[in-house]
2 protein chains.
Amino acid sequence: MNIRFIINIFGRVLILLGLFMLTPIIWAFVYGEDTVGGILASSLITLAAGTFMYFGSLINLRKELGLRDSYFTVTFTWVVISLFGMLPYIFTGSIEGLPNVYFETVSGFTTTGSTILTDIESLPKSILFWRSLSQWIGGMGIIVLVVAILPLLRIGGYNLFKSEASGISYEKLTPKTASTAKRLWGIYVALTIILIPLLLIGGMSFFDSLNHAFTVMAAGGFSTKDASIGAFSPFVQYVVILFMLLAGMNFYLHYHFIKGRFKRVFSNIELKTYLSIVGIVTIAITIAVYLEGTYNLEYVIRKSFFQVTSILTTSGFATYDYLLWPTPAWTLLFLLMFVGACVGSTGGGIKVIRHVVSFRSVVLHFKRMLHPNSVSLLKINGEVIDDEKVSSLITFLVLYLFTFISGSIIMVFLGLDTFTAVGAVAANLGGVGPGIGTVGPAANYHHIHDAGKIVLSFLMIIGRLELTTVIILFTSMFWDKYR
Amino acid sequence: MNIRFIINIFGRVLILLGLFMLTPIIWAFVYGEDTVGGILASSLITLAAGTFMYFGSLINLRKELGLRDSYFTVTFTWVVISLFGMLPYIFTGSIEGLPNVYFETVSGFTTTGSTILTDIESLPKSILFWRSLSQWIGGMGIIVLVVAILPLLRIGGYNLFKSEASGISYEKLTPKTASTAKRLWGIYVALTIILIPLLLIGGMSFFDSLNHAFTVMAAGGFSTKDASIGAFSPFVQYVVILFMLLAGMNFYLHYHFIKGRFKRVFSNIELKTYLSIVGIVTIAITIAVYLEGTYNLEYVIRKSFFQVTSILTTSGFATYDYLLWPTPAWTLLFLLMFVGACVGSTGGGIKVIRHVVSFRSVVLHFKRMLHPNSVSLLKINGEVIDDEKVSSLITFLVLYLFTFISGSIIMVFLGLDTFTAVGAVAANLGGVGPGIGTVGPAANYHHIHDAGKIVLSFLMIIGRLELTTVIILFTSMFWDKYR
Ligand SMILES: [K+]
Ligand SMILES: [K+]
């Protein structure tokens, strides 16, 4: 294991994190809060640790990572930033209890958006800003992961979709990869900046606009209000729907769109499926809720369009407590937690493309049943996906399901009722945030057992890093070589 | 489509069914019931229809079935016997309402064991006998399906496990296949006959012994008592546990065992996994229930051993209302509904071997992540399963899950609460019978909406015939050639 280089990477990451950590201080000054000392101390500790790790590992540094080193580094990057990211909450005393702080921080950097806060608005603005910023940083991390690292590591089938298919190329870390990452970061930053004035127009304060721009583009779901986006105007709600949809799309497609390659964008099967799901489920839920006769049509459409988009993109914002809707409506929303956003987006979950492949593999299976002697192939966006790739991709689904079930059993054994256990695990593994049962959109995770909070935090990281990246660290074969 | 030969096959099946239908008349005489006329009429109609179809199709008969014809024939064999199997209930007026009669009959021939009867013991003995017999006939049908037809049709991966792996050979229908089927039928009949005196020793009447011998060996779950096996002595309960376990095993292994090939039996990975699951889950549930402190240890072990075996083998008998147990206990039982019995048994569900393959495909995936340049293979019982086979096998899991979710959504839209919807679909698709919610082991399916009963009956047939056999009939590509 090239521990020297791994420490070096962690050092760089922590220096960046420490610099980001300075920005909430501005808001402490603006709102005259007494959090300056706590945040500054957090930042300095993080910067000091980062600098120490970076320079301490420079001598005889060999800049090479094996496959094993890479899996380890990716997983522990999220662990390390989550540990240092806890400091502002701890030093300002704004969240009580280490499990709570850990849960909230991991929920930030993984862009999950589950919260243990019972009264969000009582927190200092500077700390709320750090909370939102942690999601935006997490989103940046995901983009570099998707562009550069996952395809290289053959994780979760990310190597399957080459440039033509999804824009993701499977090659060594090259200067080209770095420039691609920068381009996608540019799109991420640009969309964030465009969103701010739109939210201002809708009546948000500048502080709220900035925070929500961060958490919308990261498909994060943290809000500065207890009522989430429900606290804002219908205009804001429509704007957030649009930008959640953009955050849940493959960022490569945004890039192609800007370059005028419209055909490539609109012929993309994952995008078409993604938008179709939003449309069909919104209509189904609108009908189910409107038939109750309580609300006018625009209201129902807006609420259901919002919840569908929020859950499919794994954003997790809310404008309504959908658990109050008829059973078929929230059952559909619950199932959306298992669909996920598009590959190459900041959204999490299983991802639409995996469902497309598994659906096509069912069709392929039928074809082979009817024509056992002819060669049948599976194609995605015109590219053949061979059986090894198909099986590796569906295996991801199996592993996801296995993790979901194991997690649910653990939560049930920790004393949760079945609904809450299943809802909490689905929502946190899938990166959505609010679940069903007692952790629904109008509730929070404060009442969960401390052990349960640790388990859910772990599931957030597993889900965010496409499962295998993390789970492989727990296999004996991973450590075989090191023994 | 070779309709002539298909009708000819249905004719033979109906003649056999009509003959079986005569046997309940004996019990009508023994118990002096007024059902003789109704049952005799049913039998004669069935025999007449069968004879007419058989002889009417003999001229110019070409005994060849294409692949499409075979899928069609297998599915409709179950539909046809279910339709004629309804007659005894209808003509004796023992079950009210056609959806109820259809549900009960399909539940019989698919060996599912769900019932709409609210007071089983009030039915005439002769009708209860027909009900039990329908499961035993269903079990015979499954054996011939597994031996001769599924491997040939490449359904659900049955072609994957050749003789060495599970004893199932993938070859054309040969005289050898026919003799294999007869041998396995012999084992089925022999085990049924051995079970009868054991149940008598346990204190059952001869009538009850015969009925339960039929339904235990078919992994069926129909009982002549409202309290199911809970109405009988602990000795009977242990005997039933043992024979449920035998019914849930691959019948080829029984054959190998009789021939003294013990090594082949005990090295079989599916058998080892199957028995391990029974052991581990029994222990877990015993602990969870015993900790409540209400019952003595033997009682708890017996009850939990029984429920675990009953659900894993998809038998569906009950000795206790497990929904009264702590949540972790019945959650585990619910999950067992998705495991299923062994391939080549009379049990249904997903089957243990599919889980073994999917688990190994996850391991294979990790191996390939760590060693991208070396060749990693998946082996089952020493035989290599290539990627095409793995992907076809996991595709079955995806399709199963998809069917389960679609079925649950339909049931929710038909007005069931989520628990009951999910429980009913899992239990009927998986061939278990009793589910959770309001269709638990102490309840029945009487209160379900008529449309819901039809949907569940359909799911029973889909599940029994390994999904693809039936679902392929609903694809456009199936009918392409015929248009
Ligand atoms: K989220
Ligand atoms: K059954």
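## A buried asparagine in chain B

B:Asn211 is buried, with a relative accessible area of 1%. In this predicted model, B:Asn211 sits in helix H10 of chain B, which covers residues 206-217. Leaving aside residues up to four places away in sequence, B:Asn211 touches B:Leu128, B:Phe129, B:Ser132 and B:Thr224.

## Overall form of chain A

Chain A contains 22 helices and 2 strands. Its radius of gyration is 22 Å, and the globule rule gives 23 Å for 483 residues, so chain A is as compact as a globular protein of that length. The C-alpha trace of chain A spans about 75 × 70 × 50 Å along its principal axes.

Of the 483 residues in chain A, 62% are buried. Taking the contacts in chain A between residues at least 6 apart in sequence, 71% join residues at least 24 apart.

## Surface and charge of chain A

The exposed area of chain A is about 17,500 Å², and carbon and sulfur atoms supply 68% of this area. Chain A carries 32 positive and 24 negative side chains. The centres of these two sets lie 13 Å apart.

## The potassium ion in chain A

The potassium ion (ligand 1) has protein donors at 2.4 to 2.9 Å. They are the O atoms of A:Thr111, A:Thr112, A:Ala219, A:Gly220, A:Thr314, A:Ser315 and A:Gly431. Along the sequence, the donor residues follow the spacing T-T-x106-A-G-x93-T-S-x115-G. Two of them, A:Gly220 and A:Gly431, link distant parts of the chain, being 211 residues apart. A:Gly220 belongs to the loop between helix H10 (206-217) and helix H11 (234-247) of chain A, while A:Gly431 belongs to the loop between helix H19 (418-429) and helix H20 (450-464).

Both glycines lie below the cut-off for burial, which is under 20% relative accessible area. A:Gly220 has a relative accessible area of 0% and is therefore buried. A:Gly431 has a value of 10%, so A:Gly431 also counts as buried.

## The potassium ion in chain B

For the potassium ion (ligand 2), the protein donors are the O atoms of B:Thr111, B:Thr112, B:Ala219, B:Gly220, B:Thr314, B:Ser315, B:Gly431 and B:Val432. These donors lie 2.4 to 3.2 Å from the ion, and their spacing along the chain is T-T-x106-A-G-x93-T-S-x115-G-V. Within this set, B:Thr112 and B:Ser315 join distant parts of the chain, at a separation of 203 residues. B:Thr112 is in the loop between helix H6 (98-109) and helix H7 (125-149) of chain B; B:Ser315 is in the loop between helix H15 (297-312) and helix H16 (327-336).

B:Thr112 counts as buried, at 1% relative accessibility. B:Ser315 is also buried, at 0%.

## Positive phi angles

One of the donors of ligand 2, B:Thr111, has a positive phi of about 55 degrees although it is not a glycine. B:Thr111 lies in the loop between H6 and H7 of chain B. The relative accessible area of B:Thr111 is 1%, so this residue is buried.

In chain A, A:Lys351 has a phi near 90 degrees, a positive value in a residue other than glycine. A:Lys351 is located in the loop between helix H16 (327-336) and helix H17 (352-370) of chain A. With a relative accessible area of 2%, A:Lys351 is buried.

How values were computed:
Residues numbered from 1 in each chain as written. Chains lettered and ligands numbered in written order. Predicted model: local features only at pLDDT ≥ 70, side-chain atom pairs only at ≥ 80, totals over all residues. Heavy atoms only, no water. Donors = N, O, S within 2.8 Å, 3.2 Å for Na, K, Ca; no water. Helix = DSSP H or I, 4+ residues; strand = E, 2+ residues; numbered from the N terminus. Buried < 20%, exposed > 50% of the residue type's maximum accessible area, 1.4 Å probe, protein only. Rg over C-alpha atoms; globule rule 2.2 N^0.38 Å. Contact = heavy atoms within 4.5 Å. Areas by Shrake-Rupley, 256 points an atom, 1.4 Å probe, with all protein chains shown as cover. Lys, Arg positive; Asp, Glu negative; His and termini not counted. Charge placed at Lys NZ, Arg CZ, Asp CG, Glu CD.
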